[in-house]
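Student: I've got a protein model on my screen and I don't know how to begin reading it. Could you walk me through it?

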Amino acid sequence: MYWALLVVFGIFALGDYLGVVSKARLSSVFVALMCFLVLFLSGVLPQDLIKIAGLTDLAKMATPFLVFSMGSSINLSQMRREWKVVVMSLAAMLVAVVSVLAVAPLIGMQSALVCIPIVNGGIVATQIMTAAALEKGFGLAAALGTLVFAVQKFVGTIPASHFGLKEAKLLVSDYREKKAQGIDLLKAAQPQTREETDAQPKKVPFCVQYDKYYTVYMTLGIAAAVAYVSSLIARVTGIAASIWCLLFGMLLNQLHLIPSRILDRGKSSGLFMTATFCSLIPALAKIKLSDMGSMAVSLALVFGAVLIGTFLLLYVLPLWKFIGSRNMVVGIAMSQLLGFPATFLIVNEVATAVARNDDEKNYVVEKLTPAFVVSGFVSVTTFSIIMAGIFASFLHLFPAP
């Protein structure tokens, strides 16, 4: 068991190391999952590595805890302020759904259904879909979904950075033009927000008032209670427990009964995130060397369809006018492939690239962050989980192979 744990955590550590050394240009998730794939294909690692490591049950129970914590991080008031971004993000998710379904005859309907919530989301949607696919015996569909998750940040980063940079140049140009006229756009935008905040009477939230009680065990106990109640409701309603965990997290945080990112508060989110990653690894063990050619083609078809669909339906057609910027709409669409913190890192990267001073950088960050970060929360943190719960049930309509 300890040998298997060393291998699993050692490979994840290697991925993190290379991610830090490359300043996030090399995805740690991609490195780790590709290492597992190569070692499974070469026969170096046993296919039941995760079971040997004793992580199978931990991986299974981790997702409800992680989803609940993600739900507690969602800022509903920010989403209300950025409602246009929310609507456009949902439109971009729908474009991705249509695009992947368009290539379903080529990659198989089961694979398309597995990939759609993963393209729309992140680790949680991937876990839900791969687990559902493996349960039905669709091993290759589960493996394809895992590879889509491993590669999607590479695919999304390039267009998000390119169009983000174009938008940043326009913002800086406008900022400099107004500055020459004696108008400071940065100062014009910020004081009003501060005045509004200061004008409101500050009531101490329940979770802040009783902050000292939210210990490691208390936060785990709350998460376990929500996971249990969600599982009971799921049995009655037929709606996936992950969806109920997400809704409970949003509701309890909105009522200020729990702190934001409750598992971070309990210093346990890292373990649950790792366990969720571990749930993806068995799907990679199902891939055979003879499957690699068709898997590569399927990957290219999925991402090619999403990129082409995004460009045609959002950039070329006048849907972009809802936001008012062609560049911004592509950034919003690509955020579903990236998620936080990748979206925020891209905003900082393009702002640094175009700005001559801190004021210009702060202005670009302030203008781009709501679109990139909020759209990531809408797709990756929220609706992709709901879609995964729905699409997982669709897999049960197909007979087992």
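Tutor: Let's go from the whole chain down to single residues.

Student: What should I know about the model before I start?

Tutor: It's a predicted model, with residues numbered from 1 along each chain as its sequence is written. Local features need pLDDT of at least 70, side-chain atom pairs count only at pLDDT 80 or more, totals for chains, interfaces and linings use all residues, and side-chain values use heavy atoms, with hydrogens and water left out.

Student: How many helices and strands does the chain have?

Tutor: Helices (H or I, at least four residues) and strands (E, at least two) are DSSP runs, numbered from the N terminus. Here you'll find 21 helices and zero strands.

Student: What does the radius of gyration tell me about the chain?

Tutor: You take it over C-alpha atoms and set it beside a globule rule, 2.2 Å times the number of residues to the power 0.38. For 401 residues a compact globule would come out near 21 Å, and the chain has 22 Å, which agrees. Along the principal axes, the C-alpha atoms fill a box of roughly 70 × 50 × 40 Å.

Student: How many of the residues count as buried?

Tutor: Buried means under 20% relative accessible area, exposed means over 50%, and partly exposed is in between (1.4 Å probe, protein chains only). In this chain, 50% of the 401 residues count as buried.

Student: Which residues have the most contacts inside the largest nonpolar core?

Tutor: A nonpolar core is a set of buried Ala, Val, Leu, Ile, Met, Phe, Trp, Tyr and Cys residues joined through side-chain atoms within 4.5 Å. The largest one here has 130 residues, and Phe36, Phe68 and Leu368 have the most contacts inside it. Helix α10 (residues 139-180) gives the largest share of this core, 16 residues.

Student: What does Phe36 touch?

Tutor: Contact means heavy atoms within 4.5 Å. Leaving out residues up to four places away in sequence, the partners of Phe36 include Val8, Ile11, Leu45 and Ile281.

Student: Where is Leu45, then?

Tutor: Leu45 sits in the loop between α2 (28-41) and α3 (49-52). Its relative accessibility is 7%, so Leu45 counts as buried. Beyond residues up to four places away in sequence, Leu45 touches Trp3, Val7, Ile11, Phe36, Leu39 and Phe40. Val7 is 38 residues away along the chain, yet the two C-alpha atoms are separated by 9.0 Å.

Student: What about Ala160, is that buried or exposed?

Tutor: Ala160 belongs to helix α10 and counts as buried because its relative accessibility is 0%. The C-alpha atoms of Ala160 and Ser335 are 7.5 Å apart, although these positions lie 175 residues apart in the numbering. Apart from residues up to four places away in sequence, Ala160 touches Met334, Leu338, Ile346 and Phe372.

Student: Which sign does phi have in most residues?

Tutor: Most residues other than glycine have a negative phi. Arg261 has a positive phi of about 50 degrees although it is not a glycine. You'll see Arg261 in the loop between α14 (241-254) and α15 (262-265), and at 32% relative accessibility it counts as partly exposed. Lys267 also has a positive phi, near 55 degrees. Lys267 lies in the loop between α15 and α16 (269-278), and its 73% relative accessibility is why Lys267 counts as exposed.
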